[in-house]
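Here is a friendly note to read beside the model. Please keep the viewer open and follow the points in order.

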Amino acid sequence: MFNTNIVIFFPTFLECRKVLNISDFSSYFYFDTAVYKSIPIIITGAGKSNAAAHSALFFSEFKPKYPLLTGICGAYQNRDIKISDVVCIDYDYFADEANYNGNILTTIHEKGFIIAKNNRAEFQVDENFKKVSSNTVSLIPQFDSLSNIYMAKTNALVENMEGAAFGIAANKFGIKPYQIRAVSNYCGNIEKQQWDINNACISLKKALDLFIETHK
């Protein structure tokens, strides 16, 4: 099933269903899978632990030419990113493995507890899409102060919940995957998040169709 150039990974069934209109899933070799345009789809599960585990399991056995992690993400406010924009991530940072005293965020990387070189995972870039860096977080603030600290820490433009963990597991096998996401909301103040999952998923489907067409 996985002997293809492209394999696409979604964090959740919800994202996969809304983007690709897929409802037929099955289990294969540890993974929840589906097929879109003859391309295998894998659901990793949300969050860093699921993403790292599925990435490590998969890349220990399979080496597709164009592995792609995809889904929705949030964009930091006051940056040149709009809702429904599609972005291609070059670096994804471990932003909240850290100490936070209410004012200052100090990552464990800064204290010498190293997760990855430069505290980030590295991805291939598709020039068809806007290139940005991202933060991967588990703690998602609904107020501006911590969101602004995340943004300032790495100069990332967007954030997600899986990218750095998925990427670093792949990197350990000598693989640089792609990561393409569509912006569904702004980060920070809950009153200003402007969620629009439907239009983000429409944009993402167009992006995935283009990725498939240009990499098949």
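1. A definition to begin with: two strands pair if DSSP finds at least two bridges between them. Helices (H or I, at least four residues) and strands (E, at least two) are DSSP runs, numbered from the N terminus. This is a predicted model, where local features need pLDDT of at least 70, side-chain atom pairs count only at pLDDT 80 or more, and totals for chains, interfaces and linings use all residues. Residues are numbered from 1 along each chain as its sequence is written, and side-chain values use heavy atoms, with hydrogens and water left out.

2. Strand 6 (86-94) is a good place to start. It is largely enclosed by the rest of the structure, because 8 of its 9 residues are buried (buried means under 20% relative accessible area, exposed over 50%, partly exposed in between, with a 1.4 Å probe and protein chains only). Strand 6 runs antiparallel to strand 12, joined by 3 bridges, and here C88 has I180 as its bridge partner in strand 12. Strand 9 (residues 120-122) is also antiparallel to strand 6, again through 3 bridges; Y91 is partnered there by E122.

3. Now look at strand 10 (130-136). Its pairing with strand 6 is parallel and spans 6 bridges, with N135 in strand 10 as the bridge partner of Y93. Strand 10 also pairs in the parallel sense with strand 11, over 3 bridges, and S134 stands opposite V158 of strand 11. Of the 7 residues in strand 10, 5 are buried, leaving the strand mostly covered.

4. Which residues of helix 3 are buried? In this helix (residues 144-154), they are L146, S147, I149, Y150, M151 and T154. An α-helix has 3.6 residues a turn, so residues three or four places apart point the same way. The buried residues of helix 3 pack against strands 6, 7 (98-100), 8 (105-107), 10 and 11, where contact means heavy atoms within 4.5 Å. N155 follows the helix and has a positive phi, near 65 degrees.

5. Helix 4 (residues 163-171) is mostly covered, with 8 of its 9 residues buried. Among them are G163, F166, G167 and I168, along with several alanines, including A164 and A165.

6. The largest pocket holds about 360 Å³ of space. On a 1 Å grid over the protein atoms alone, a pocket is an open set of points where a 1.4 Å probe fits, with protein on both sides within 12 Å along at least five of seven lines; lining residues have an atom within 4 Å of a point. Grid points are joined across faces, edges and corners, and the volume is the space filled by probe spheres set on the points. The lining has 23 residues, and G74, I140, M161, N185 and W195 lie nearest the centre. Strand 5 (66-75), strand 11 (158-160) and strand 12 (178-186) each supply at least two lining residues, and strand 12 gives the most, with 4.

7. Why are there 0 disulfides? A disulfide is a pair of cysteine sulfur atoms within 2.5 Å. The sulfur of C73 is too far for a bond, because the closest cysteine sulfur, in C187, is 7.9 Å away. The sulfur of C88 is also too far, because its closest cysteine sulfur, in C73, is at 11 Å. Both cysteines count as buried: C73 at 3% relative accessibility and C88 at 0%.
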